[in-house]
Amino acid sequence: MSEVDPYAPPQAPLLDVPADAPVKASRWRRFLARLADNILLSLVWAAAVLIATMGLGYEMVPDGTLVYVCSGLAFAVVFPFQASFLFHDGQSLSKKLLDLRIVRPNGSRADAVRVILIREMLPPALSFVPLIGPLFGVADALFILGPETRCLHDYLADTIVMDLRDARQRNLHLGRL
């Protein structure tokens, strides 16, 4: 007899996910990492403004020259450190703190061109292009709400952000270290 039990749990095929497949980071952890990176840059910028105005006696002029100079200085101080971390580990300082890593979709290491040039330098450079810049910034941020939880810069660089904490827990569960 082939009667269907109406009280039986639904049957669905199990996905065959490899044990070493990367675990994508949540939207919130990625947001926190980006926020922490921006706070770090802002703190260095604020220190540069304070040193310039109070220590060196420069005045804030209406055209904002000092703000632009201090912004460039903050970028010049922070970016080499971040680029070094990204080059060696695929992690910015905040991604290190939150156990996140930038990898290729198959879990392999992402090269420096993808991570530093395409992911980290292209979006800010495009923000200076009239009309395209603001639209790119909004599109970049909104893409993370899609089913793949990847930003536009992730698609351009063919990368994902992996949650190392979840990967470690999964490996412990599977009996691996």
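## Working through helix α2

The cover over the buried residues of α2 includes α1 (27–55), α3 (93–97), β1 (100–103) and α4 (112–126). This is a predicted model, where local features need pLDDT of at least 70, side-chain atom pairs count only at pLDDT 80 or more, and totals for chains, interfaces and linings use all residues. Residues are numbered from 1 along each chain as its sequence is written, and side-chain values use heavy atoms, with hydrogens and water left out.

**Exercise 1. Follow α2 along its length and find where it bends.**

Step 1: α2 runs over residues 65–89 and reaches 36 Å from its first C-alpha to its last, close to the 36 Å expected at 1.5 Å a residue (that is, 1.5 Å times one less than its number of residues).

Step 2: Look at Phe79, where α2 bends by about 30°, with Pro80 following within four residues. The bend is the angle between axes fitted to the seven residues ending there and the seven starting there.

Step 3: Just past the helix, Gly90 takes a positive phi of about 70°.

**Exercise 2. Work out which element gives the most to the largest nonpolar core.**

Step 1: Pick out the buried residues of α2, among them Phe79, Ala83 and Leu86. Buried means under 20% relative accessible area (1.4 Å probe, protein chains only).

Step 2: The largest nonpolar core has eleven residues, including Phe79, Ala83, Leu86, Leu100 and Val115. Such a core is a set of buried Ala, Val, Leu, Ile, Met, Phe, Trp, Tyr and Cys residues joined through side-chain atoms within 4.5 Å.

Step 3: Two or more residues come from each of α2, β1 and α4, and α2 gives the most, with three.

Note on methods. Buried < 20%, exposed > 50% of the residue type's maximum accessible area, 1.4 Å probe, protein only. Contact = heavy atoms within 4.5 Å.
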